Amino acid sequence: MFKKSFVFMVGLALVLSLVNVGIAQDMNPKVKEMLSSARAAVKMVTPEAVKTAIDSKEKAIFLDVRDAGEFAAGHLPGSMNISRGTLEFNVFGKIPDQNAKIYVYCKTKARSAMATKTLNDLGYKNAVLMDASYEEWVKAGYPVER
């Protein structure tokens, strides 16, 4: 049973990876512009700073804005998951403190950039973008939970 689940999760991750690559290559110029604008408007922190925050048990929220299946396949330790597609509708119920320190990340830094900008626009004063994708986090050998 475990082996079948593992094979399914690996296959799902591969499919999602291929879909995301296709999306990035075919991204509409207007969307590229929005993404560039979002990245320029938010504060970014290094993955090393995020790891330090996790290791020191900083009072912070580590927000994964990938979809639930991606989150279930692996995420940063102690992360909360709110999909980018539902962020505006769910964030106030899940993160009522608009002064909370929030480290935002996703698979490619695209959804997380848009999500961080959205959080700032919604009044979250300390939402910052991790300047690394989840894949880069994993490749660096940093800890993950499943």
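Modeller: Two helices are called oblique when the angle between them is neither under 35 degrees (roughly parallel), nor over 145 (roughly antiparallel), nor 65 to 115 (roughly perpendicular). This is a predicted model, in which local features need pLDDT of at least 70 and side-chain atom pairs count only at pLDDT 80 or more, while totals for chains, interfaces and linings use all residues. Residues are numbered from 1 along each chain as its sequence is written, and side-chain values use heavy atoms, with hydrogens and water left out.

Colleague: Before we come to angles, how many helices and strands are there in the protein chain, and what pattern does the chain follow along the sequence?

Modeller: Helices (H or I, at least four residues) and strands (E, at least two) are DSSP runs, numbered from the N terminus. On that basis the protein chain has seven helices and five strands, and reading along the sequence gives the pattern α-α-β-α-β-α-β-α-β-α-β-α. Of its 146 residues, 38% count as buried, where buried means under 20% relative accessible area, exposed over 50% and partly exposed in between (1.4 Å probe, protein chains only). If we take the contacts (heavy atoms within 4.5 Å) with a separation of 6 or more, 70% are accounted for by residues 24 or more positions apart.

Colleague: At what angle do helix H2 and helix H6 pack, and how far apart are their axes?

Modeller: The axes are lines fitted to C-alpha atoms, for helices over the stretch in contact, and the angles run from 0 to 180 degrees between N-to-C directions. H2 (residues 29-41) and H6 (residues 110-121) pack at about 60 degrees, with their axes 8 Å apart, and the two are therefore oblique to each other. The crossing of H2 past H6 is left-handed; a crossing has that name if the near helix is turned anticlockwise from the far one by less than a right angle, and is right-handed if clockwise.

Colleague: Which residues of H2 and H6 meet?

Modeller: H2 brings Met 34, Leu 35, Ala 38, Arg 39 and Ala 41, which meet Ala 110, Ala 113, Met 114 and Lys 117 of H6. By class, this contact of H2 with H6 holds seven nonpolar, no polar and two charged residues, given that Ala, Val, Leu, Ile, Met, Phe, Trp, Tyr, Cys and Pro count as nonpolar, Asp, Glu, Lys and Arg as charged, and the others, Gly among them, as polar.

Colleague: And what is the angle between helix H5 and H6?

Modeller: H5 (residues 87-94) packs with H6 at about 60 degrees, with the axes 11 Å apart, which makes H5 oblique to H6. The crossing of H5 and H6 is right-handed, and the contact is made by Leu 87, Glu 88 and Val 91 of H5 with Ala 115, Thr 118 and Leu 119 of H6. These residues divide into four nonpolar, one polar and one charged.

Colleague: Turning to single residues, is Ser 112 of H6 buried or exposed?

Modeller: Ser 112, which lies in H6, counts as buried because its relative accessibility is 1%. Leaving aside neighbours within four places in sequence, Ser 112 is in contact with Val 65, Val 104, Tyr 105, Cys 106 and Leu 129.

Colleague: Which backbone oxygens lie by the side chain of Asn 81?

Modeller: A polar contact is a pair of N or O atoms within 3.5 Å; within protein, one must be able to donate a hydrogen and the other to accept it, and residues adjacent in sequence count only if both atoms are side-chain atoms. Asn 81 lies in strand S3 (residues 80-81) and counts as buried, at 17% relative accessibility. A polar atom of its side chain lies 3.0 Å from the backbone oxygen of Asp 64, and a polar atom of the Asn 81 side chain lies 2.9 Å from the backbone oxygen of Arg 66. Asp 64, found in strand S2 (residues 61-64), is buried at 0% relative accessibility, and its side chain is joined to that of Arg 66 by a polar contact of 2.6 Å.

Colleague: Finally, what is the phi of Lys 57?

Modeller: Most residues other than glycine have a negative phi. Lys 57, in the loop between helix H3 (47-55) and S2, has a positive phi of about 55 degrees although it is not a glycine, and it is exposed, with a relative accessible area of 72%. Lys 109, in the loop between strand S4 (101-105) and H6, likewise has a positive phi, near 80 degrees.
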